[in-house]
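Q: I'm new to this structure and would love a close look at one part of it. Could you take me through the main nonpolar core and the helix that goes with it?

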Amino acid sequence: MKAMDELLLNEWHPVAAGETLQAGAMQPVRLLEQDLIVWRSQDGSVHAWEDRCPHRGARLSLGRVAGDRVVCPYHGWQFDTAGQCRLQPAHPRDTPPKTACTRRFLAQEAYGLVWVCLGTAPRRLLPFPEHANPALRKVVCGPYLVHACGPRIIENFLDMAHFGFVHEGILGDAEHTEITDYKVAEFDDGLGDDGMKGVIATGCFAWQPQANLLAAGGSMVEYTYRVVRPLSAILTKLPQAQDGFHEAISLHVQPMDEEHCRAWIILAMTNSVSGDDELRAFQDRIFLQDLAVLESQRPKRMPLGPGIEVPQRADRLSAAYRRMLARLGMRYGVIPDEAEKPPR
């Protein structure tokens with residue numbers, strides 16, 4: 001694995017939907033070129049380990065969970081919730097050595113997702129206050145497999161100028177493509193030294209034929225975008241034709257490697273009419289419209305400096321996002337600004 005920047009190593013990344021990980025269940029996942037298993041013990045806690053038995057290197061994901069122990073498929077070694085081997089069936093009366101343990105990573109559950117951090121000095125999980133609003137309904141959508149780098153996926157989420165072309169008839173219309181000026185500012189997540197300063201865009205307006213499943217016709221929609229972490233962004237929508245309607249949609253990218261990701265979407269909305277499958281199908285339709293364009297972009301890594309791509313005025317938010325990544329020292333999935341300077 002190539003050198004990893006500390007920014008992403010010490011970040012929390014989504015790897016699984018909480019509802020799909022029942023007690024006694026185990027899932028293989030991939031994060032930052034690391035193969036992992038996530039599993040849930042009987043007390044409801046989630047765990048993340050390297051997908052490798054320390055004995056002969058077999059994948060633990062080929063094994064099973066028995067009670068509160070993970071059982072290796074090769075020689076049946078059993079590991080407790082702390083990752084320590086408690087039984088070697090070939091020597092059932094022996095006490096396994098302390099070195100017979102798995103490599104563990106930090107894991108927690110929030111917003112309907114299981115999050116993992118591969119580093120040792122994580123900042124606090126991103127704030128998503130809309131998710132705590134009991135009046136809003138929450139639905140997890142995805143994951144969507146994307147052959148693109150994480151920053152490209154987030155930037156696409158922040159881009160309104162493509163609505164009339166990629167999402168014509170739903171989020172945009174070919175006759176209403178103008179993007180008026182909007183405001184971009186620094187966003188403080190309020191977590192102090194354990195948090196991060198991102199970016200926020202306000203006063204973003206777009207005309208949409210169908211802003212959501214309940215929309216009966218087209219209208220102007222006001223967006224607010226918050227980029228709260230390098231690979232997480234949250235938007236809120238206020239359709240003018242639906243007085244009192246308010247929804248928040250958050251996008252979180254799981255970087256499997258620099259050019260392959262899984263994208264997770266969390267909905268927090270007032271729609272109490274449509275079923276979960278209907279809401280997911282609507283988001284599936286929108287995301288899959290983006291997929292071909294996202295996967296076609298070159299270079300695969302997103303450039304942070306000038307010289308490779310030509311921006312337009314509507315790109316103010318994405319330009320601020322790129323500056324944010326440069327300020328934070330992002331290296332994974334991007335072309336840093338200094339790499340774009342021609343050799344002397």
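A: Happy to! In this predicted model, the largest nonpolar core has 70 residues. Val116, Ile153, Leu158, Met160, Tyr225 and Tyr321 have the most contacts inside this core. The element that gives the most to it is helix α4, with six residues. Apart from this core lies another one, of 20 residues, which includes Trp12, Ala17, Tyr111 and Leu113.

Met160 is a good place to look around. Setting aside neighbours within four places in sequence, Met160 is in contact with Ile179, Tyr182, Cys204, Phe205, Ala206, Tyr223 and Tyr225. One of these, Tyr225, is itself among the residues with the most contacts inside the core.

Now for the helix. α4 runs over residues 276-296, 21 residues in total. From its first C-alpha to its last it reaches 31 Å, close to the 30 Å expected at 1.5 Å a residue. α4 also has a kink of about 30°, centred on Asp290.

Asp290 is also one of the buried residues of α4. The others are Leu279, Phe282, Gln283, Ile286, Phe287, Leu291 and Leu294. As background, residues three or four places apart on an α-helix point the same way, because there are 3.6 residues a turn. You can follow such steps along the helix from Leu279 to Phe282, Ile286 and Asp290, each of them buried.

What do the buried residues of α4 pack against? Their partners are two helices, α2 (150-157) and α3 (163-166), along with the strands β11 (137-146), β16 (247-257) and β17 (260-269).

Notes. Residues are numbered from 1 along each chain as its sequence is written. This is a predicted model: local features need pLDDT of at least 70, side-chain atom pairs count only at pLDDT 80 or more; totals for chains, interfaces and linings use all residues. Side-chain values use heavy atoms; hydrogens and water are left out. Helices (H or I, at least four residues) and strands (E, at least two) are DSSP runs, numbered from the N terminus. The expected span of a helix is 1.5 Å times one less than its number of residues. The bend at a residue is the angle between axes fitted to the seven residues ending there and the seven starting there. Buried means under 20% relative accessible area, exposed over 50%, partly exposed in between (1.4 Å probe, protein chains only). Contact means heavy atoms within 4.5 Å. A nonpolar core is a set of buried Ala, Val, Leu, Ile, Met, Phe, Trp, Tyr and Cys residues joined through side-chain atoms within 4.5 Å.
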